[in-house]
Amino acid sequence: MVNVPRLVVAAPASGSGKTTVATGLMAAFSERGLTVSPHKVGPDYIDPGYHALAVSGDGRARPGRNLDAYMCGPGLIGPLFAHGAAGCDLAVVEGVMGLYDGASGQGELASTAQVSKLLRAPVVLVVDASSQSRSVAALVHGFASWDPEVRIGGVILNKVATDRHERLLRDALDESGVPVMGVLRRTEQVGTPSRHLGLVPVAERRAEAMAAMRELAGRVRAGCDLTALLALARSAPPLDTRAWEAGAEWREAGDAAEGAGPVASAASVASSVPVASARRGRPVIAMAGGSAFTFSYAEHTELLTAAGADVVPFDPLRDEQLPEGTRGLVIGGGFPEVYAPELSANEPLRKAVAELAYSGAPVAAECAGLLYLARSLDGRPMCGVLDADARMSGRLTLGYREAVAVGDSALARAGTRVRGHEFHRTVLEPGAGDAPAWGVVHPERRVEGFVRQGVHASYLHTHWAAAPEMARRFVERCSDG
């Protein structure tokens, strides 16, 4: 049983201010001395960076974690939450889009509402009140009554103009039965600049982000009833779940399953891959980071470590060589297009990455990593591992995908099925090699990505907690080199 007090911060629609409120609450409660666990519904990589910054006041690093019922499945939401929130006084979960918006055409799947129900967590609804008065009561009533299993425990009114406007809103909501737990005035946006894929990541502007976080905490502290919000969080009932643990499937299955034939579940597939750690030493896996490569799930590092590897971060903008003893390389998502000149100018590292790839060492690259391995990005030389060229485009590619591994690779066996997410404004030509990484089967059918020797490169972001056999297989291939 998990008994962590918890709140879900949701909104009727995107742009209502839930990121401001959720991040401000995390920071304000952390300033009170509470250990706060930050979470984000959906595949967003950028908001969790701000969440992690908001809860770092005690000097301890606690990553922002994602809860994605599409990529990981509803059954993993509780365990992943319990894993992230272990030992915390409070968990704050920021929702995605509107409260009831989920995966396109699949009902409530991956919606904030679904996650709130899976966590048995009360919801605080952030409402943009800038263009309404009495109508706010009808809006809140509609959201509160739409699904009886979703418990909306309070409202925070955002972008309120004047004292008179606030009185009108409060008077209207008195009849709704949903208490007002905060009022934020209409002011200039706190300094959190955006660009083509959302907010600018924390890693690119840490000092400014710290200042913005202090301002957010002060604004929320002044405008919200933190005592009432904490009481609401503490009203959440115990959650009957078992915390996710990296590598637990492998230890439970044991090595007796080595050499087993193809199986369907993630746990059983994982158990068929030999353990790399005790028998052969711990291979070093380099993980790209810094300002250009900020998109990564914390569970990926945890899984690689549990599978027997030493994960060593490096910054392709600054480091001219890979970490000493590198046997494998992971390059996640980010904004290489913003830093193309600097990445291109670091020729020693580009050559080191190419040499590692040509040696047959395992390389897993997603989205930004795919672009970095290409011949060029917006006309600037990259690592040249893939016979493809990338460029920025005006079109946003965004959405969930279902895919299957076309052939064997360092990351997946042929036939492995995954659910992932695409999120980019770049185009790669060609979009797939002679040996593609994935065959996308939903929402359209196509092949994409590249498999070449040990390289697996694709636009598709995946969450390895849903397919832990991929991390274990990758570490095993690193140990075989």
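**Strands, rings and cavities in a predicted model**

Strand 1 (residues 6-10) and strand 5 (residues 123-128) run parallel and are joined by three bridges, where strands are DSSP E runs of at least two residues and helices are H or I runs of at least four, both numbered from the N terminus, and two strands pair if DSSP finds at least two bridges between them. The model is predicted, so local features need pLDDT of at least 70 and side-chain atom pairs count only at pLDDT 80 or more, while totals for chains, interfaces and linings use all residues. Residues are numbered from 1 along each chain as its sequence is written, and side-chain values use heavy atoms, with hydrogens and water left out.

Within the pairing of strand 1 with strand 5, Ala-10 stands opposite Leu-125. Strand 1 also pairs in the parallel sense with strand 4 (residues 90-94), over four bridges, and here Leu-7 has Val-92 as its bridge partner. In a regular strand, side chains alternate between the two faces of the sheet. Both faces of strand 1 are covered, with Arg-6, Val-8 and Ala-10 buried on one side and Leu-7 and Val-9 buried on the other; buried means under 20% relative accessible area, exposed over 50%, and partly exposed in between (1.4 Å probe, protein chains only).

Further along the chain, strand 16 (residues 389-405) pairs with strand 17 (residues 417-429) in the antiparallel sense over 12 bridges, and Asp-389 stands opposite Glu-429. Strand 17 is also joined to strand 22 (residues 461-462) by two bridges, again antiparallel, with Gly-420 partnered by Thr-462. Just after Glu-429 comes a cis peptide bond to Pro-430, with omega near -5°; Pro-430 sits in the loop between strand 17 and strand 18 (438-442). A cis bond also joins His-442 and Pro-443, with omega about 10°. Most residues other than glycine have a negative phi, and most peptide bonds are trans. Phi is positive, near 50°, at Asp-378, which is partly exposed with a relative accessible area of 38%. Gln-453 likewise has a phi near 50° and is exposed, with a relative accessible area of 52%.

Turning to the rings, the structure holds seven aromatic pairs (rings of Phe, Tyr and Trp, the last by its six-membered ring, with centres within 6.5 Å; planes under 30 degrees apart count as stacked, over 60 as edge-to-face and the rest as tilted). One of them is stacked, because the rings of Tyr-45 and Phe-295 have centres 4.9 Å apart and planes at 5°. Tyr-45 lies in the loop between strand 2 (36-41) and helix 2 (46-54), and Phe-295 in the loop between strand 10 (284-288) and helix 12 (298-306), so the pair ties together parts that are 250 residues apart in sequence. Tyr-45 and Phe-295 are both buried, and with Tyr-297 and Phe-335 they form one aromatic cluster.

As for internal space, the largest cavity holds about 170 Å³. A cavity is a set of points on a 1 Å grid over the protein atoms alone where a 1.4 Å probe fits but cannot get out, and lining residues have an atom within 4 Å of a point; points are joined across faces, edges and corners, and the volume is the space filled by probe spheres set on them. Of its 20 lining residues, the closest to the centre are His-300, Val-330, Gly-332, Glu-366 and Trp-464. Strand 13 (363-366) gives the largest share of the lining, three residues.

Notes
1 Å grid on protein atoms, 1.4 Å probe; cavity = no way out; pocket = protein on both sides within 12 Å on 5 of 7 lines; lining within 4 Å.
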